Amino acid sequence: MPEYPGVYVEEVSTRTREIEGVPTETAAFVGFAAEGPADDPIEIGSLLDYQTHFGKVSAANPLSSAVEMFFGNGGRKAFVVKASSGPRSRRGGAELIGDEKRQTGLHALDRMKLHIGVLLLPDAAYLSETDAADAINRAVRFAEARRMFLIADIPEGAAGKGAAAAMQWAERVARNRNLALYYPWLVAADGKTKAKNVRPPGAVAAGIYARLDNARGVWKAPA
């Protein structure tokens, strides 16, 4: 193209730009487990894989319950990070987020070359309302920087007080296009004892994301 003094020409393509879809069929779970290597992302393709690496599934263990609900609702592949922790009383948001330099906790995912679509921190739903908000705000910044989508739950303390309290708590969390908060909690019946178990819904949503991604493609909204 000829150039003239004082005249600058910029060519602009008139082609329609394609929207790049971010696959959500692969999820990452970061939480506390009874067994398994700490701060090492492990790929699993079933609930049996989880049990092989991290121990039995228990309603008392949020991470195991979340993985169970993910696969039970259509999930096919996930990566699990067991966060480093001390005694049960010291298992908090700081341990879930971990350390960026040492690549512990959530930051252990930086060791992976494979892109993760959806991120969950199941144990955050059982932290105090203040700690849960802090953990989610830190996690969504992590997710946004790495083009992940964070699925989180209204914590147990706020969720148990009703919709008004849940909405009030949600105001503590920064609005972000890389984050979805789910409410209310779900009531699930135990197949053996028929007891009612109340569980956060985020992992169920993640399983549905994955199921629709595989069946319809990333263009189909989970809603």
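How many aromatic pairs does the count come to? In this predicted model, the count comes to 5 aromatic pairs. One of them is formed by Phe29 and Phe70, whose ring centres lie 5.4 Å apart with 70° between the planes. The arrangement is edge-to-face, because the angle is over 60 degrees. Phe29 belongs to strand 1 and Phe70 to helix 2, so the pair links distant parts of the chain, 41 residues apart. Both Phe29 and Phe70 are buried. Together with Phe71, the two residues form one aromatic cluster.

Helix 2, which supplies Phe70 to this pair, spans residues 62-72. Of its 11 residues, 9 are buried, so helix 2 is largely enclosed by the rest of the structure. The buried set includes the phenylalanines Phe70 and Phe71, along with Pro62, Leu63, Val67 and Met69. Ser64, Ser65 and Ala66 are also buried. After helix 2 comes Gly74, with a positive phi near 115°.

Backbone geometry was examined next. Most residues other than glycine have a negative phi, and most peptide bonds are trans. Asp39 has a positive phi, near 60°, and is not a glycine. The residue is placed in the loop between strand 1 (26-31) and strand 2 (42-44). Asp39 has a relative accessible area of 8% and therefore counts as buried, the cut-off being under 20%. A positive phi is also found at Arg147, at about 55°, although this residue is not a glycine. Arg147 lies in the loop that runs between helix 4 (129-145) and strand 5 (149-153). With a relative accessible area of 42%, Arg147 is partly exposed, because this value falls between the limits of 20% and 50%. The peptide bond between Tyr183 and Pro184 is cis, with omega of about 5°. Pro184 is located in the loop between strand 6 (179-182) and strand 7 (186-189).

A further site involves His107, in the loop between helix 3 (93-97) and strand 4 (118-120). The relative accessible area of His107 is 10%, so this residue is buried by the cut-off of under 20%. Leaving aside residues up to four places away in sequence, His107 touches Ile97, Gly98, Asp99 and Glu100. Its contacts also include Phe142 and Arg146. These last two residues are themselves paired as charge and ring: Arg146 lies over the face of Phe142, at 3.8 Å from the ring centre.

Pocket analysis gave the following for the second largest pocket. Its space is about 260 Å³. The lining consists of 14 residues, and the closest to the pocket centre are Ala170, Glu171, Val173, Arg175 and Leu181. Two elements, helix 6 (163-170) and strand 6, give two or more residues each to this lining. Strand 6 gives the most, with 4 residues. By residue class, the lining divides into 11 nonpolar, 1 polar and 2 charged residues. Strand 6 also borders the loop that holds Pro184.

Key:
Residues are numbered from 1 along each chain as its sequence is written. This is a predicted model: local features need pLDDT of at least 70, side-chain atom pairs count only at pLDDT 80 or more; totals for chains, interfaces and linings use all residues. Side-chain values use heavy atoms; hydrogens and water are left out. Buried means under 20% relative accessible area, exposed over 50%, partly exposed in between (1.4 Å probe, protein chains only). Contact means heavy atoms within 4.5 Å. On a 1 Å grid over the protein atoms alone, a cavity is a set of points where a 1.4 Å probe fits but cannot get out, and a pocket is an open set with protein on both sides within 12 Å along at least five of seven lines; lining residues have an atom within 4 Å of a point. Grid points are joined across faces, edges and corners, and a volume is the space filled by probe spheres set on the points. Ala, Val, Leu, Ile, Met, Phe, Trp, Tyr, Cys and Pro count as nonpolar, Asp, Glu, Lys and Arg as charged, and the others, Gly among them, as polar. Rings of Phe, Tyr and Trp (its six-membered ring) pair if their centres lie within 6.5 Å; planes under 30 degrees apart count as stacked, over 60 as edge-to-face and the rest as tilted. A charge sits over a ring if NZ of Lys or CZ of Arg is within 6 Å of the ring centre and within 35 degrees of the ring normal.
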